[in-house]
Amino acid sequence: MPGLSFMFSAATLILVLCLQLGIIEGQDTENTRKALTFNLSVPSRAQRNEEISLALELGTQYKECMVIKTYLVSSVPIEGGFNYVQTRCLCPDYPTTIYWDFIVTETATIAIVVDIVKERNICPNDVAVVPITGDRYHTIHTIYVN
Ligand SMILES: *[C@@H]1O[C@H](CO)[C@@H](O)[C@H](O)[C@H]1NC(C)=O
């Protein structure tokens with residue numbers, strides 16, 4: 001029965017191909033691991049002179065820690081806590097949330113910027129990486145003030 005053995009080896013071949021595809025897909029997921037993942041929490045509307053809170057939750061899909069420097073940039077001047085530059089050590093499995101509290105007086109478009117930097121004495125024993133694919137991330141959000 002040559003047909004049977006042919007079918008059998010074809011089945012084996014398909015199985016092997018599937019396994020290889022599986023491995024390649026696995027590698028693809030590794031390659032698209034993100035240096036930064038984030039969730040932004042900030043109101044879109046506010047009253048004039050209202051104090052609002054902006055919370056930025058940051059995580060990494062990397063297996064290493066990195067030093068991140070975060071700050072806000074506004075289309076109109078905003079005083080106080082808005083201008084704090086916050087530096088943290090971001091490590092796998094330990095998302096961190098960074099807060100800014102500030103008063104808005106007029107509609108503002110805000111850029112939330114995260115730089116991955118080479119700064120010492122932030123991460124334990126300075127064990128941290130900087131991805132060569134890009135070390136600046138930003139997102140834009142508008143707060144409409146009545
Ligand atoms: C953000 O939200 C998503 C969905 O709720 C969650 O999977 C993720 O862990 C959160 N944190 C970060 C830092 O991405």
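## Exercises on a predicted model

Leaving aside neighbours within four places in sequence, Thr60 is in contact with Lys34, Ala35, Thr37, Met66, Leu90, Cys91 and Pro92. The exercises below refer to a predicted model.

**Exercise 1.** Find where Thr60 lies relative to the strands, decide whether Thr60 is buried or exposed, and list the polar contacts of its side chain with backbone atoms of Ala35 and Tyr62.

*Solution.* Begin with the position in the chain: Thr60 belongs to the loop between S3 and strand S4, the latter spanning 66-74. Next take the relative accessible area of Thr60, which is 11%; since buried means under 20%, Thr60 counts as buried because its value falls under that cut-off. Then turn to the side chain of Thr60, which reaches the backbone oxygen of Ala35 at 2.6 Å, while a polar atom of that side chain also lies 3.0 Å from the backbone nitrogen of Tyr62. Ala35 also appears among the contacts of Thr60 listed at the start, as does Thr37, a residue that returns in the next exercise as part of the surroundings of the ligand.

**Exercise 2.** Describe the shell around the ligand by naming its residues, sorting them by character, and locating the strands that supply them; then give the polar distances to the ligand for Thr37, Asn39 and Glu57.

*Solution.* The residues to name are Thr37, Phe38, Asn39, Glu57, Leu58 and Gly59. Sorted by character, the shell holds two nonpolar, three polar and one charged residue. As for location, strand S1 (37-41) and strand S3 (50-59) each contribute at least two residues of this shell. The distances can now be read side chain by side chain: a polar atom of the Thr37 side chain is 3.1 Å from an oxygen atom of the ligand, an N or O atom in the side chain of Asn39 is 2.4 Å from a ligand oxygen, and an N or O atom in the side chain of Glu57 is 3.0 Å from a nitrogen atom of the ligand. Taken alone, the ligand exposes 350 Å², and the protein buries 44% of that area.

**Exercise 3.** Determine in which sense strand S8 pairs with S2 and with S7, and give one bridge partner pair for each pairing.

*Solution.* Take S2 (residues 45-46) before S7: this strand pairs with S8 (residues 136-145) in the parallel sense over two bridges, and Ala46 has Val145 in S8 as its bridge partner. Strand S7 (residues 108-117), by contrast, runs antiparallel to S8 and is joined to that strand by eight bridges, with Val113 standing opposite His138 in S8.

How values were computed
Residues are numbered from 1 along each chain as its sequence is written. This is a predicted model: local features need pLDDT of at least 70, side-chain atom pairs count only at pLDDT 80 or more; totals for chains, interfaces and linings use all residues. Side-chain values use heavy atoms; hydrogens and water are left out. A residue is near a molecule or strand if one of its heavy atoms lies within 4 Å of it. A polar contact is a pair of N or O atoms within 3.5 Å; within protein, one must be able to donate a hydrogen and the other to accept it, and residues adjacent in sequence count only if both atoms are side-chain atoms. Accessible areas come from the Shrake-Rupley method with a 1.4 Å probe; for residues, only the protein chains shown count as cover. Helices (H or I, at least four residues) and strands (E, at least two) are DSSP runs, numbered from the N terminus. Ala, Val, Leu, Ile, Met, Phe, Trp, Tyr, Cys and Pro count as nonpolar, Asp, Glu, Lys and Arg as charged, and the others, Gly among them, as polar. Buried means under 20% relative accessible area, exposed over 50%, partly exposed in between (1.4 Å probe, protein chains only). Contact means heavy atoms within 4.5 Å. Two strands pair if DSSP finds at least two bridges between them.
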